[in-house]
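Student: I would like to learn how to read a model of this kind, feature by feature. Could we take each idea in general terms and then look at the case in front of us?

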Amino acid sequence: MDLKSICEYGRDSIVQYRPPLCFELAGKKFELVMDDGYDFFLDFKNERTIEWTRAGEEACTAGYECLKGDDTTFLVSYELENVVPRVNHTFVIDMENMLVTRIIARVGQNPRYPYLINTEFEFGAIRRKGRELTFKRHGYTSDMIGTAVQWTYSSTLTTVHVYYCANFYRLISPQDNPGDDWAFTEYLGGLPSSDEPASYIKIKDGMYLFSLTEQNAEKLTQGRFMFRSNTLCFLQNYKRLYQVGRGFGTSTTPDGDLNTNITTGAYGKFAEVDPCFFTDPNPYVT
């Protein structure tokens with residue numbers, strides 16, 4: 001498969017049902033009081049350019065994309081410009097509760113597995129002039145555990161996410177369309193299982209941030225397939241059963257590495273799966 005084909009496959013398979021980008025934050029500024037002790041500033045210069053600053057450091061600009069989880073919840077993603085190894089910042093900006101969750105994803109921190117991605121999570125609040133800062137925060141949750149959702153990303157890509165424990169998830173084919181034409185079939189068939197590290201964060205009632213990072217597969221396949229380590233996060237609206245998300249990482253092609261930095265969308269339905277997918281042991285842990 002050449003680079004053009006992979007790009008076309010990626011566009012059709014995972015971003016076909018992404019909603020239009022949101023430009024509502026253009027012209028707005030946010031002061032984020034983060035729990036790591038460093039204030040963080042976001043200045044949305046226009047519909048596609050953001051200036052970001054960590055307290056005490058120089059301001060930097062980047063191209064961003066924004067999607068909405070509902071009327072008051074925004075997913076913002078940008079990759080740091082001219083930074084090697086690559087880094088992505090993703091924010092969930094919750095205007096209803098004036099809270100924020102940040103994910104920083106970094107490539108290349110592991111010398112043995114240079115494609116491996118590490119993710120860091122931080123919680124905080126949005127400062128408003130003349131208003132008292134809330135002490136509440138988004139937080140890790142078990143609300144989703146024990147559920148499975150079939151997500152449809154395009155006319156050719158449907159997957160089922162099995163949320164079976166607090167720090168992993170499983171990916172399986174849909175029972176009503178097991179022959180779905182997607183490139184992961186051979187990839188997953190060569191692995192002990194599809195289990196990958198995951199984090200579950202409650203944004204508010206019915207709204208969750210789900211993050212997964214393909215680390216086990218990267219360690220075992222080492223580029224034998226076009227998919228390398230990628231991290232994906234999804235702002236999942238469990239009331240309306242749709243999600244918007246971000247993908248960041250690398251794909252290996254015959255023409256070289258292809259950097260992944262995309263925003264996605266999907267609609268879902270709760271799925272009935274074999275109970276074994278909730279109870280089978282994770283082969284990657286003791």
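Student: Why can strand 7 be described as largely enclosed by the rest of the structure?

Tutor: Let me say at the outset that this is a predicted model. Burial is judged by relative accessible area, and a residue counts as buried when that value is under 20%. In strand 7, eight of the nine residues are buried, and the strand is therefore largely enclosed by the rest of the structure.

Student: Which arrangement of strands should I look for around it, and how do the strands pair?

Tutor: The strands form a closed barrel of eight, in the order 1-2-3-4-5-6-7-8, and the pairing is antiparallel. On average, neighbouring strands of this sheet are turned by 30 degrees against each other, with direction ignored.

Student: How many bridges join strand 7 to strand 6, and how many join strand 7 to strand 8?

Tutor: Strand 6, residues 87-94, and strand 7, residues 99-107, pair in the antiparallel sense over eight bridges, while strand 7 and strand 8, residues 117-126, pair in that sense over nine bridges. To follow the register between strands 6 and 7, begin with N88, whose bridge partner in strand 7 is A105, and go on to F91, whose partner in strand 7 is R102. Towards strand 8, I104 has E120 as its bridge partner.

Student: What should I notice in the turn between strand 6 and strand 7?

Tutor: The two strands form a hairpin with four residues between them, and M98 in that turn has a positive phi of about 55 degrees.

Student: Let us take a single residue of strand 6. Is H89 buried or exposed, and which residues does H89 contact?

Tutor: For a single residue, I would read the accessibility together with the list of neighbours. H89, which is found in strand 6, has a relative accessibility of 5% and so counts as buried. Leaving aside neighbours within four places in sequence, H89 is in contact with F40, W52, V76, S77, Y78, L80, I103 and I104. One of these neighbours, Y78, also takes part in a polar contact of 2.8 Å between its side chain and that of H89. As a reference for distances across the model, the C-alpha atoms of H89 and F270 are separated by 30 Å, the two residues being 181 residues apart along the chain.

Student: Where does T231 lie, and what does its side chain reach?

Tutor: T231 lies in strand 15, and with 0% relative accessibility T231 counts as buried. Its side chain reaches the backbone oxygen of L212 at 3.1 Å. Not counting residues up to four places away in sequence, T231 touches A105, I117, T119, S211, L212, T213, R246, G247 and F248. The A105 in this list is the residue of strand 7 that we met as the bridge partner of N88. Another neighbour, T213, is found in strand 14 and is buried, with a relative accessible area of 5%. With the same exclusion of sequence neighbours, T213 touches residues including I117, T119, S229, N230 and T231.

Student: How should I read the charged residues, and how many salt bridges does a search of the whole structure find?

Tutor: The general idea is that side chains of opposite charge can pair when their charged atoms come close. Here the search finds 16 salt bridges. Among them is the pair R48 and E65, whose closest N and O atoms are 3.3 Å apart. R48 lies in the loop between strand 2 and strand 3, and E65 in strand 4, so the pair ties together parts that are 17 residues apart in sequence. R48 is partly exposed at 41% relative accessibility, and E65 is partly exposed too, at 21%. These two residues also belong to a network of salt bridges with R18.

Student: Which parts of the chain does the salt bridge between K239 and D205 link?

Tutor: The closest N and O atoms of K239 and D205 are 3.5 Å apart. The pair links distant parts of the chain, with K239 in the loop between strand 15 and strand 16, D205 in the loop between strand 13 and strand 14, and their positions 34 residues apart in sequence. K239 counts as exposed at 62% relative accessibility, and D205 is exposed with a relative accessible area of 55%.

Technical notes. Residues are numbered from 1 along each chain as its sequence is written. This is a predicted model: local features need pLDDT of at least 70, side-chain atom pairs count only at pLDDT 80 or more; totals for chains, interfaces and linings use all residues. Side-chain values use heavy atoms; hydrogens and water are left out. Two strands pair if DSSP finds at least two bridges between them. Axes are lines fitted to C-alpha atoms, for helices over the stretch in contact, and angles run from 0 to 180 degrees between N-to-C directions. A salt bridge is a side-chain nitrogen of Lys or Arg within 4 Å of a carboxyl oxygen of Asp or Glu. Buried means under 20% relative accessible area, exposed over 50%, partly exposed in between (1.4 Å probe, protein chains only). A polar contact is a pair of N or O atoms within 3.5 Å; within protein, one must be able to donate a hydrogen and the other to accept it, and residues adjacent in sequence count only if both atoms are side-chain atoms. Contact means heavy atoms within 4.5 Å.
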